[in-house]
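Good morning, and thank you for making time for this presentation. I would ask you to keep the sequence and the structure in view while I speak.

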Amino acid sequence: MADLKTEFLGIFSPNPFWLASAPPTDKAYNVNRAFEAGWGGVVWKTLGEDPPIVNVSGPRYSTIQSNDRRVIGFNNIELITDRPLQINLDEIRQIKKDWPDRAVVASVMLPMNEASWAKYLPIIEDTGVDGFELNFGCPHGMSERGMGAAVGQVPEYIQMATEWAKAAASVPVIVKLTPNVASVVPPAKAAQDGGADAVSLINTINSIMRVNYDTLTMYPTTDGMGTHGGYCGEAVKPIALNMVAEIARTRETGSLPISGIGGITDWRDAVDFLALGASNVQVCTAAMVYGFKIIDDLVDGLSAFLDDKQLTFNELVGKAVPSVTDWQHLNLNYIEKAVIDQDLCIKCGRCHVVCEDTSHQAITNRLDGERHFEVIDEECVGCNLCVSVCPVDSCISMQHLTAGSDPRTGNAITDEKLTWTAHPNNPMRKSD
Amino acid sequence: MAGNEQIRSGRLSKAEVDENFADLHPPLTRSEALIEADRCYFCFDAPCTTACPTGIDIPGFIQKIRSDNLRGSAHTILRENVMGGMCARVCPTEILCEEACVRNTHEEKPVEIGLLQRHATDPVIENNDQLFQRASASGKKVAVVGGGPAGLSCAHRLAVLGHDVVVFNRNSKPGGLNEYGIAAYKTIDNFAQTEVDYILSIGGIELRNNSALGEGFELAELCDDYDAVFLGVGLALSNDLGIDGEDLDGVVNAIEYIAELRQTDDKTTLPVGRDVVVIGGGMTAIDVAVQSKRLGAEQVHMVYRRGPEQMGASVFEQALAQTSGVTIHHWASPERMLGDGHVTGVEFAINDSDDGMRLDADVVFKAIGQKMDGGLDSLDIEAGRLVVDIDQKTSMDGVWAGGDCVVGGDDLTVSAVQHGKIAAISIDRYLRDS
């Protein structure tokens, strides 16, 4: 089995799976259980100044579920730790002593004045933590007090606070970014400019889950009133992957190490983050939905995958980054058509109806009076909608046309690449 | 049926009988229904809908279960099949909607459409939640002969369309075979009457029980007194075997015994034979065989003159009989009943051979089909059933027919409901044009 022992910023852990700063890492009891289950590290739930904040004693979480109540999306309004700092420090010190081979990183959230950072970071570092993660991401509650996402949305603040942290800390500093921004690259660049050793992303996304259909108030509420929370879980993974890839493929930020976060539930999700540029990953929601035991599949699945692909862990990191580009660089001469495997087709007709109603009228529904679903190459634009809705795995595939002409346009198939930047229809095209 | 020491009541305790006659397919819980509803692929031009004789928009009603819109789901069902509640219980879904489900191709396990349909319709029918509104009164009056599925379906649709209806029902209770014929464990807790009450609650339908055609009124009178007539008279008489010994005591028409079983308050009081032989291969044969076994008969043999593929009973029903302890014999035809005064056995010829078979019997049930009662000789009849066109019109102007009494009827509740619906739509057109 491939070795998953990893080093991130000089911090070693037996595997690249850390529990993210969140309720699962709130106290020693949970962290002990996590390490017993096999987690490689934890980012301790965010520490703040004393006196500690107060959390609501009502619903802090809610979910979007399938009909069989599988959790798809998750929302929370819990704030940072609500325990006195000293209790947390004592527990961290003990945990680090009991689990010397595991990574323990302290998440911190402090007001925007240098004195606070200078005061608290050395105290925390004295527990033996392996690093700091600066929480510039939480979008609810703390942001109203000028911290969390309120910092993460302003690159200048990120750089300033990162500089303060770096000045006060001797262990590595990771800056945790908020996705509640137009582009994640400027915040990442600011963190880098402030001296951050790495960024971690994403934190949660501003969200309201739904309304209560009986009371027609938002749901859930605390004493009849609600507030937006932070959205996470499987549903946010694509948003997180894009942001990770954006940082990884941007020249100025491309060498900044990334800890990937956002909806990781099984080992394949981890492969996504790693291949798109993260060099370790953090998990929260999946553990909050299924418990710590999911680490078995994460470790086992990733290890087997690396064996299968004959890759080392470090070779996987960033492997897919070169395949991510801007739309304008896509080859417009490249033609694919959908092909339906008639032996696998169960004749539900979903591909037909969605193509007929919402796309290009490119799939039949009858042949000689019988239900029969087949792609009409003269109409198919290769959009992949049919593949996306087909309930049967591998029944519909996309086939690349390599010779002849495209039956839809009549244009000859060519190996010659044509991007929008050079396309004749583009009034801004660059002349060769 | 008494008169033989082997025929007696109380073969099983009340608790055993209650367990044996509990709901054959218990209803889904809300969680079960939501999970099962999620399995529906929402097919284009759904094969299940095509396979449903009443054309219920099955993906449509399942989608509404998924979204907790049960009332809307029930309306989607009942607007095509007002007996959607009963059909959810008694339809041979394994040869109709569920056979057509594309999940069979994917994983050999169809969506449980019948149970989902029951989940959607039960609350509406049990709470008498009226989902239909009558059109403004047409001033027309239609006679419906027969209070079974065909007649009640026709009456309901006519009432919705604004016509007044009188239903002439030969029995003391409405519902036809839903009330008197179907196996008790398929429709527990008096559901047949609850459903009829729901159907009648639309208004505009006058029900006259104990009113059989030919017993006080004739078709010609109805044609004179009403603007249109619908005949849903069913097949009231049992076919005879035409063999020696058929008149012995203990040789019984299955439908009569089932009717008695359905109407009794305490099934432990029913007379049950020790050795029971059922002749026939349809649903009625299965129903009487299984129910006899569940009432405590020791040996129940079901004998059919052809093979399993030709049986009117579905594969599921055949399996139900076998797992209930009924022995099924194929390719054997009854030659004669044995006995002196009371039947003691049946002799069979084994088809395409010189062999014979003899089964002991203290009760023999005849379940070889029914035939129409007389009184309709003025209409075109083929093979004992009324000839109708695609609008369920008979050969006589102003007279429609449907259900088991018409040519092409397949003896299913769901088909009878469809006949009644189609006839009502045709009658409505006729009345508005005239």
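Where in chain A does L9(A) lie? The residue sits in the loop between β1 (6-8) and β2 (11-13) of chain A. Before I explain the choice of that residue, please bear in mind that everything shown here is a predicted model.

Let us consider the backbone at this point. L9(A) has a positive phi of about 60 degrees, although it is not a glycine. For comparison, most residues other than glycine have a negative phi, and most peptide bonds are trans.

That remark about peptide bonds leads to two further places in chain A. The bond joining D50(A) and P51(A) is cis, with omega at about -5 degrees. P51(A) belongs to the loop between β4 (41-47) and β5 of chain A. A second cis peptide bond runs from Y219(A) to P220(A), and its omega is near -5 degrees. P220(A) is located in the loop between β13 (218-219) and β14 (229-232) of chain A.

Two of the strands I have just named, β5 and β14, also appear in a sheet of chain A. This is an open sheet of four strands in the order β5-β6-β14-β11, and the pairing is antiparallel. Which strands stand at its edges? They are β5 (61-65) and β11 (205-207) of chain A, each of which pairs on one side only. On average, neighbouring strands of this sheet are turned by 35 degrees against each other, direction ignored. At the β5 edge, five bridges join β5(A) to β6(A), which covers residues 71-76, and the two run antiparallel. Within that pair, T63(A) stands opposite F74(A).

I turn now to a pair of helices in chain A. Helix α3, residues 114-125, packs against helix α5, residues 155-168, at an angle of about 35 degrees, and the axes are 9 Å apart. The crossing of α3(A) past α5(A) is right-handed. Which residues of the two helices meet? From α3(A) come E114(A), W117(A), A118(A), L121(A) and P122(A), and from α5(A) come A161(A), W164(A), A165(A) and A168(A). By class, this contact has eight nonpolar residues, no polar residues and one charged residue.

As for chain A as a whole, there are 13 helices and 20 strands. Its C-alpha atoms fill a box of roughly 75 × 60 × 45 Å along the principal axes. The radius of gyration of chain A is 25 Å; for 432 residues a compact globule would have a value near 22 Å, and the two agree.

Let us move to chain B. How many helices and strands does chain B have? There are 17 helices and 17 strands in chain B. Its radius of gyration is 22 Å, close to the 22 Å that the globule rule gives for 434 residues, so chain B is as compact as a globular protein of that length. The box filled by its C-alpha atoms, taken along the principal axes, is roughly 65 × 55 × 40 Å.

Chain B contains an open sheet of five strands in the order β3-β2-β1-β4-β17, and here the pairing is parallel. The edge strands are β3 (205-208) and β17 (399-401) of chain B, each pairing on one side only. From one strand to the next, the twist averages 20 degrees. Inside the sheet, β1(B), residues 141-145, and β2(B), residues 164-168, pair in the parallel sense over five bridges. V142(B) stands opposite V165(B) in β2(B).

An antiparallel pair is found elsewhere in chain B: strand β10 (residues 332-340) and strand β11 (residues 342-350) are joined over eight bridges. The bridge partner of P334(B) is F348(B) in β11(B). The two strands form a hairpin with one residue between them, and G341(B) in the turn has a positive phi of about 90 degrees.

Finally, how do the two chains meet? Twelve residues of chain B are in contact with 13 residues of chain A. On the chain B side, the elements that give two or more residues are α2 (30-37) and α8 (103-107). Of these, α2(B) gives the most, with three residues. By class, that side has seven nonpolar, two polar and three charged residues.

A word on confidence. The mean pLDDT of chain B is 95, and 99% of its residues reach 70 or more. For the complex, the predictor gives an ipTM of 0.88 and a pTM of 0.92. Thank you for your attention.

Definitions and conventions: Residues are numbered from 1 along each chain as its sequence is written. Chains are lettered from A and ligands numbered from 1 in the order in which they are written. This is a predicted model: local features need pLDDT of at least 70, side-chain atom pairs count only at pLDDT 80 or more; totals for chains, interfaces and linings use all residues. Two residues are in contact if their C-beta atoms, placed from the backbone, lie within 7 Å. Ala, Val, Leu, Ile, Met, Phe, Trp, Tyr, Cys and Pro count as nonpolar, Asp, Glu, Lys and Arg as charged, and the others, Gly among them, as polar. pLDDT is the predictor's confidence in each residue, from 0 to 100. Two strands pair if DSSP finds at least two bridges between them. Axes are lines fitted to C-alpha atoms, for helices over the stretch in contact, and angles run from 0 to 180 degrees between N-to-C directions. A crossing is left-handed if the near helix is turned anticlockwise from the far one by less than a right angle, and right-handed if clockwise. The radius of gyration is taken over C-alpha atoms; the globule rule is 2.2 Å times the number of residues to the power 0.38.
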